[in-house]
Amino acid sequence: MSNYPEFEDISTVACIGAGTIGGGWAAYFLSRGLAVRVWDPAPDAEVKLRRLIDAAWPALTTLGLAKNASKDNFTVHTDLDEAVAGVGFVQESAPEDLTLKQELLARVAAAVASNVVVGSSTSGYGMTEMAQAAADPSRLVVGHPFNPPYLIPLVEVVGGEQTDPQATSWASGWYEYIGKSVITMDREVPGFIANRLQEALWREALHMVDNGEATVEQIDTAITDGPGLRWPLQGPMLTFHLAGGEGGMAHMLDHFGPSLKSPWTRLDAPELTAKLRQDVIDGCDIEANGRSFTDLIAQRDAAIIAVRQVVDGIRTPTGARQE
């Protein structure tokens with residue numbers, strides 16, 4: 001595919017930013033047997049990154065490490081040119097600040113080799129707006145992960161107006177090659193796909209808390225013990241398709257279509273007042289019930305692993321060859 005690197009020839013990648021997302025990417029790349037160079041100007045970046053990788057490694061080990069994978073195969077740099085020299089791919093995960101991303105992506109695009117693709121972990125910006133300052137934006141693409149990126153397989157890939165379509169295709173292939181589940185979007189959409197769906201649910205939840213219609217704990221239980229159990233394997237669309245019985249989605253729409261006019265949801269975000277903010281914070285504290293942040297992370301990771309392993313077992317018939 002053009003002059004972009006062969007996937008199997010890539011042994012070293014760079015992560016720009018060592019925060020929650022960048023550090024999570026670093027841990028995942030390490031688990032795939034890659035060497036990782038991390039750029040972050042913070043003086044305590046290496047200490048925090050080591051802590052994150054150590055915390056993620058048991059989960060990654062449970063899911064399965066690539067041959068020669070090592071959690072120590074990384075270096076931390078404060079010189080950007082040094083960090084990206086000779087790498088086969090770059091994942092940018094800087095804070096969600098448009099000006100910062102524009103400047104940083106321009107620097108990265110100028111520093112890497114001319115055939116290296118740069119993926120951005122942006123949560124909502126389009127590459128067209130982020131690539132404005134780059135002299136050569138042709139190899140800049142969005143590679144939007146979900147937190148924690150070392151466990152959640154989804155990556156949404158979409159190029160900007162000046163992105164080489166082959167660079168977008170290469171990025172999608174690369175993410176798939178290292179074990180990710182990839183959606184290659186047909187066009188730029190603010191917030192992409194999954195974040196827009198997630199945001200709609202989040203806004204409705206805030207409305208319900210704000211209006212005293214449900215507590216934080218009731219909302220979370222409604223999802224974890226209800227539709228959330230159906231979504232890992234089939235998603236909301238196929239779930240509704242099955243709700244139509246033998247008639248499928250057509251029957252479902254004929255039967256339940258009129259309810260779309262019912263006041264079941266509000267898509268405008270509520271005003272985040274001090275009271276609403278505190279109600280949500282207090283509700284989360286109540287639901288945590290004394291469990292520490294570390295306890296909650298460990299439980300979340302264990303749950304994601306369990307769900308993924310069960311779903312993978314259903315999707316892959318017993319005895320089928322697995323790569």
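Here is a short tour of this structure, from its domains and cores to its pockets and one arginine. Please keep in mind that the model is predicted. The domain assignment splits the protein into domain 1 (7–184) and domain 2 (193–290). The largest nonpolar core has 37 residues, and the structure also holds one cavity of 30 Å³ or more.

**Domains**

- The centres of domain 1 and domain 2, taken over C-alpha atoms, are separated by 31 Å.
- Contact between the two domains involves six residues of domain 1 and four residues of domain 2.

**Nonpolar cores**

- Within the largest nonpolar core, the residues with the most contacts are Phe 29, Val 36, Trp 174 and Tyr 175.
- At least two residues of this core come from each of β1 (12–16), α1 (20–31), β2 (35–39), α2 (45–63), β7 (154–159), α6 (165–177) and α12 (293–315).
- A second, separate core has 26 residues, including Val 87, Val 90, Ala 131 and Ala 134.
- If you would like to look around Val 36, leave aside its neighbours within four places in sequence: Val 36 is then in contact with Val 13, Cys 15, Ala 26, Phe 29, Leu 30, Asn 73, Phe 74 and Thr 75.

**The second largest pocket**

- This pocket has a volume of about 540 Å³, and 22 residues line it.
- Thr 20, Arg 51, Leu 52, Ala 55 and Phe 293 are the lining residues that lie nearest the centre of the pocket.
- Helices α2 and α12 each supply at least two residues of the lining; both helices also contribute at least two residues each to the largest nonpolar core.
- Sorted by class, the lining has 12 nonpolar, six charged and four polar residues.

**The largest cavity**

- About 40 Å³ of space lies inside the largest cavity.
- Its lining is made up of Met 127, Thr 128, Ala 131, Pro 137, Gly 160, Glu 161, Gln 162 and Thr 163.
- Ala 131 of this lining is also one of the residues of the second core.
- By class, the cavity lining has four polar, three nonpolar and one charged residues.

**A look at Arg 50**

- Arg 50 sits in helix α2.
- Arg 50 counts as partly exposed because its relative accessibility is 26%, and partly exposed covers the range between under 20% (buried) and over 50% (exposed).
- Beyond its neighbours within four places in sequence, Arg 50 is in contact with Lys 71, Asp 72 and Phe 74.
- Arg 50 and Lys 71 are 21 residues apart along the chain, and 8.7 Å separates their C-alpha atoms.
- Phe 74 is in contact with Arg 50 and also with Val 36.

Note on methods: Residues are numbered from 1 along each chain as its sequence is written. This is a predicted model: local features need pLDDT of at least 70, side-chain atom pairs count only at pLDDT 80 or more; totals for chains, interfaces and linings use all residues. Side-chain values use heavy atoms; hydrogens and water are left out. A nonpolar core is a set of buried Ala, Val, Leu, Ile, Met, Phe, Trp, Tyr and Cys residues joined through side-chain atoms within 4.5 Å. Buried means under 20% relative accessible area, exposed over 50%, partly exposed in between (1.4 Å probe, protein chains only). Helices (H or I, at least four residues) and strands (E, at least two) are DSSP runs, numbered from the N terminus. Contact means heavy atoms within 4.5 Å. On a 1 Å grid over the protein atoms alone, a cavity is a set of points where a 1.4 Å probe fits but cannot get out, and a pocket is an open set with protein on both sides within 12 Å along at least five of seven lines; lining residues have an atom within 4 Å of a point. Grid points are joined across faces, edges and corners, and a volume is the space filled by probe spheres set on the points. Ala, Val, Leu, Ile, Met, Phe, Trp, Tyr, Cys and Pro count as nonpolar, Asp, Glu, Lys and Arg as charged, and the others, Gly among them, as polar. Domain bounds come from an automatic or database domain assignment.
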